[in-house]
Amino acid sequence: MPMEDDDRPRKKISHEIGQELALLSVEELTERVALLKTEIARLEEAATKKRTSRDAANSIFKT
């Protein structure tokens, strides 16, 4: 019998937007800030690449 996706171990969520923070330690909060800063940098880099690609395409197809 094939294993269902629901039976697989799930990756622990490192942070959830809007999550209650009162029970987290200073160390946990610091780790989450670092995690989120890394994710923001990744998102900004992806947006920059897409913007560059879009601008290049616009310059080719403009008459």
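User: Let's start with a pair in the helix: how many residues apart in helix α1 are Lys49 and Glu45, and what does that separation come to in helical turns?

Analyst: Lys49 and Glu45 sit four residues apart in helix α1, so about one helical turn separates them. Keep in mind that this is a predicted model, where local features need pLDDT of at least 70, side-chain atom pairs count only at pLDDT 80 or more, and totals for chains, interfaces and linings use all residues. Residues are numbered from 1 along each chain as its sequence is written, and side-chain values use heavy atoms, with hydrogens and water left out.

User: What does the secondary structure of the chain come to?

Analyst: Helices (H or I, at least four residues) and strands (E, at least two) are DSSP runs, numbered from the N terminus. Here you get one helix and zero strands. Helix α1 covers residues 26–61.

User: Back to charges. How do I read a salt bridge, and how many does the structure hold?

Analyst: The general idea is that side chains of opposite charge can pair when their charged atoms come close. The cut-off: a side-chain nitrogen of Lys or Arg within 4 Å of a carboxyl oxygen of Asp or Glu. The structure holds three. In the one between Lys49 and Glu45, the closest N and O atoms are 3.3 Å apart. Another joins the side chains of Arg42 and Glu39, at 2.7 Å from N to O; they are three residues apart in α1, which again means a separation of about one helical turn. Then there's Arg54 with Asp55, at 3.7 Å from N to O.

User: Are the partners Arg42 and Glu39 exposed or partly exposed?

Analyst: Use relative accessible area: buried is under 20%, exposed is over 50%, and partly exposed is in between (1.4 Å probe, protein chains only). Arg42 is exposed at 53%, while Glu39 is partly exposed at 30%. For the other pairs, Lys49 is exposed at 54% and Glu45 partly exposed at 45%; Arg54, at 47%, is partly exposed, as is Asp55 at 41%.

User: What share of the chain is buried?

Analyst: Buried residues make up 3% of the 63 residues. The chain exposes about 6400 Å², with 58% of that supplied by carbon and sulfur atoms; accessible areas come from the Shrake-Rupley method with a 1.4 Å probe, and for residues only the protein chains shown count as cover.

User: Which side chain of opposite charge is nearest to Arg32?

Analyst: That's Glu28, 5.5 Å away; Arg32 is buried yet has no salt bridge. For charge, Lys and Arg count as positive and Asp and Glu as negative, while His and the chain ends are not counted. Arg32 is in helix α1, and its side chain makes a polar contact of 3.2 Å with that of His15. A polar contact is a pair of N or O atoms within 3.5 Å; within protein, one must be able to donate a hydrogen and the other to accept it, and residues adjacent in sequence count only if both atoms are side-chain atoms. Leaving aside residues up to four places away in sequence, Arg32 touches Ser14, His15, Gln19 and Leu24, where contact means heavy atoms within 4.5 Å.

User: Where is Glu20 placed?

Analyst: Glu20 is in the segment before α1, and is exposed at 57%. A polar atom of its side chain lies 3.1 Å from the backbone nitrogen of Ala22.
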